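Please read the report that follows alongside the sequence and the coordinates. It moves from a metal site to the overall fold, then to helices and selected loops.

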Amino acid sequence: MPPLDSTGDNPDTRRVHDELYTSDAWIEEQARIDQLSDIPDELPRAIAGLMFWSDATHLTQFGAAKMWPLYLYFGNQSKLLRGKPTAQASHHVAYIPSLPDGFQDFVRTLNKGKSGSSDLLQHCKRELFHEVWHLMMDSEFLHAYRHGIVVRCGDGITRRLFPRIFTYSADYPEKVLIAAIRNLGNCPCPLCLVHRDDIYLLGTVQDQETRSGHPRMDDADHQRRVQLARDIIYKQGYAPGNEHGELFLKEDSSVATKNAFSVQLAHTFEFNYFVMLVVDLLHEFELGVWKAVFIHLVRLLHTLGPTVVDRFNERFRKIGNFGRATIRSFAFMNVTDMKNWAARTYEDCLQCCFACFEGLLPEPENAAVLRFIYILCLWHGLAKCRQHTDVSLKLLEATTERLGDELRAFEAYTGTFETYEMPKEAAARDRRAAGSARKGKLTSQSKNDGTGRRRKRFSLRTIKIHLLGHYVSTIRRFGTTDSYSTQVGELEHRTVKAFYRRTNKQDYVKQTTRLQQRQKRIQRITENVRKLGVDVGKKMQIINRLESTPLPPTQPALHYQIAETSKHWIHLGSLIQENPNEPALRGFLADLKNHLLGRLHNRPFDGEETDFGFDERDNLIIKDNIIHQHAYLRINYTTYDVRRDQDIINPRIPSRSFVMVPAAAGDHPYWYARVLGIYDLQISPSRKDSAPVKKHFLWVRWLGEDPNHVGGFGLATLHRVGYVPFGSGNEAFGFLDPSVVIRGCHLIPAFRFGLTKDLLPASDFYDDPEAGDFINYYVNQFVDRDMLMRFIGCGVGHMGVVDATFARTAVQQILNIASSSQTAETLEAIQSLPEGRRELAGDEEIQFESDEDDRVSDSEVAGSNGDSEMDVDDDDGDSASLNEYDY
Ligand SMILES: [Zn+2]
């Protein structure tokens, strides 16, 4: 094998990261298995890759019924299949019991009527959890782990399969339990030994050294210290959490629990269980860092008064939806309320926030916040890619460094604002305080605004910020984040909840287990029957009627599809006669004929139409002088991760009517246009030629780059475009062959610049019938991963599609993004502001954020619409993978 090239110049030797079964971890493990010497036969050896998910869940919206399922997936299956609940790829290996409600009663009988401390409860909870794992990793499992099991595989080949644990996906509180470390202790990271005082260093050299130089290891020393602390509890009779035991545990925030993975696997198989605790984009970024940043942005807006908050909300309401579920509409909400939001709403909000936030804060903070949002979008887009190369991982690395700088700067400059809790936060805190008071805990008092709302500053001291630095190494080791996303487990919870609804709610765990086993058996029978060639039918697919169109299924190889027939026809003569003053129709017929003649002469697309002259146009006959109008255009394209995807263009919905086409000239590789109509017609190239041919065409309004703005990764700002002004030649409007359209694109109005009627005389085609057109639009390059990769150019599926020079520049700009001086300049500018602008009242100490402050609710991760089956619809159009969740 030639050496892998990570400079990006030679695409033939680039390492691609995506599935677990092509990851470094898998390849290393396979080599290890191949070297095992004490195996009696010569059968081919293979790995059975085990991936675990566990997470406690509430079974109903109200009520206390809870279950704690542990799911197993096989990494040998493609992540695309595993992510699809209908594929039934999950195996419910356990429903983990919690400590019984009457546990304290039991403690009191042993403890002279005194209840156990919270340390004792935590300890017992951990012991119980690891005891369950002990039971699962029994001698049979360990025998299989060591010697393999002989299995006749689906392809007819008999292999010796070795079960190997690769990943364990869980949210932070659960990871703490699995890793057996102290919750939010001095060393809060399950992957490395970073001290909590150093968390803010994300992305710096020192931070990277901690991660690589001090990873958590389950070595002999660690095991010895845990044993010593346990002896103090179990032999000397001290309570858990005692100071004698802590002496051994404090240095790395361990706890006195014998980790089941350590006991069963560490000695014999050199298994370091900390490594399996993979990153979790859903909880750590979308519901973690981004949510925290967004909340603080809203607090900043509140300092500027209610008008600003309302303007912000209004802007969001004006952003339309895009794709099947890529961006959902904000039309019926106030984003600042964040009411019933799911993770995907936070994601949509991030992707659209740039344009909505622009111009609301004073300078220089406005520019700084916009750059910060841009970097957050870039980091999120890269971290969520379903396929990485060594080059794109380098870009993620560089972006992480920059993100660290931006977070530190954000904390610094937003400290100059008097930010208070939002009313909602204050109410939530009151409820918590009341709960703590009932339990006899004291809560600290700090500065408030007189109405009981507390001063709140943005805190860098949360574990989630630190974890962002572990993404690149985790993707290198186990493949991309969608493969082990906690969302997969969250989706599987629906199965458990569906079972629960079928129980009589008494002793429901046992009943659920029985139902689950029965379903597995039925599934197995179905498979066997199907093997015999019997058609066993398929579960009915539920289609969201709002999105469905009468178009028949299409060949995925076709580039575009328009309905065969249309009842809506337009007579060209009447159209022009009835709208004499419509500027968009000026020169319509001549331009259309020039466009069609150009296509008949196979003129390559360059954005301009040749004037073929009156005679030639006159010879081109449009059958009956009518055109047929269509509602939808579907564009199929190859995505960056080499799959096929589809965009639906709908001229009636502004946000879904923009398309991008390859630019024929200029530095920017794309041109943008708004589709005003989708048509077909029949033409005869000359009066003699009687057989007419059918042609499709799009009628568009062009947008051009804003000459007063430089966008792109270099300056960390979005590209800005605007409608081409109406002139004598009518370059503002034009026609397009649908086959040159690359895909649909999401353009967000640049709200800050407002609307105008100067671009076009009074017309039916204004963005807003009253106020005219938006002066500018931002090109949302972050709307999905495919779009982002079209601006970076290192997607495998885009090889040869994205302009090579543009791609090289983009990659170089992102690599340089880490060392940009922009952040430092912003801070300097803010430091030099006059005193009146910088009233900083930083008198209180920021506490290490407890989990309670940013607790994630079940509905946030599952989706606000709860568990309704009606929601099961292919998301993003790109896969049936993570329903409701945009991967
Ligand atoms: Zn760490």
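Is Cys192 buried or exposed? Cys192 is buried, with a relative accessible area of 0%, where buried means under 20% relative accessible area, exposed over 50% and partly exposed in between, computed with a 1.4 Å probe on protein chains only. Cys189 is likewise buried, at a relative accessible area of 0%.

This is a predicted model, in which local features need pLDDT of at least 70 and side-chain atom pairs count only at pLDDT 80 or more, while totals for chains, interfaces and linings use all residues. Residues are numbered from 1 along each chain as its sequence is written, and side-chain values use heavy atoms, with hydrogens and water left out.

**Zinc site**

The zinc ion is coordinated at 2.0 to 2.3 Å by the SG atoms of Cys189 and Cys192 and by the NE2 atoms of His466 and His470; donors are N, O and S atoms within 2.8 Å of the metal (3.2 Å for Na, K and Ca), and since water is not among the atoms, sites may look incomplete. Along the chain, the donors of the zinc ion follow the spacing C-x2-C-x273-H-x3-H. The arrangement is tetrahedral because the four donor atoms subtend angles of 101 to 120° around the zinc ion, the criterion for four donors being that all angles lie between 85 and 135 degrees.

**Overall fold**

The protein chain comes to 27 helices and 25 strands, taken as DSSP runs (helices H or I of at least four residues, strands E of at least two) and numbered from the N terminus. Of the 887 residues in the protein chain, 53% are buried. Among contacts with a separation of 6 or more, 71% are between residues 24 or more positions apart, contact meaning heavy atoms within 4.5 Å.

**Helices**

Helix H14 (residues 365-383) has 19 residues and spans 26 Å from its first C-alpha to its last, close to the expected 27 Å, the expected span being 1.5 Å times one less than the number of residues. H14 is mostly covered, with 18 of its 19 residues buried. Pro364 lies in the loop between helix H13 (343-357) and H14, and the peptide bond from Glu363 to Pro364 is cis, with omega near 0°.

Helix H8 (residues 220-234) has 15 residues and reaches 21 Å, close to the 21 Å expected. Its buried residues include His222, Arg225 and Asp231, and the cover over the buried residues of H8 includes helix H4 (118-136) and helix H9 (243-249).

Helix H24 (residues 785-792) and helix H25 (residues 804-817) pack at about 100°, with their axes 7 Å apart; axes are lines fitted to C-alpha atoms, for helices over the stretch in contact, and angles run from 0 to 180 degrees between N-to-C directions. H24 and H25 are therefore roughly perpendicular to each other, a term that covers 65 to 115 degrees. Their contact is made by Arg790, Phe791 and Ile792 of H24 and by Phe806, Ala807, Ala810, Val811 and Ile814 of H25.

**Loop residues**

The table lists three residues located in loops between secondary-structure elements.

| Residue | Loop between | Relative accessible area |
|---|---|---|
| Gln88 | helix H2 (79-82) and strand S6 (91-95) | 32%, partly exposed |
| Asp624 | strand S12 (621-622) and strand S13 (626-630) | 56%, exposed |
| Arg652 | strand S15 (644-649) and strand S16 (658-662) | 58%, exposed |

Gln88 has a positive phi near 50° although it is a residue other than glycine, and Asp624, not a glycine either, has a positive phi of about 60°. Arg652 touches Ala631 and Tyr632, not counting residues up to four places away in sequence.

Terms used
Four donors count as tetrahedral if all angles lie between 85 and 135 degrees; four count as square planar and six as octahedral if opposite donors are over 155 degrees apart and all others between 65 and 115; anything else is irregular. Angles under 35 degrees count as roughly parallel, over 145 as roughly antiparallel, 65 to 115 as roughly perpendicular and the rest as oblique.
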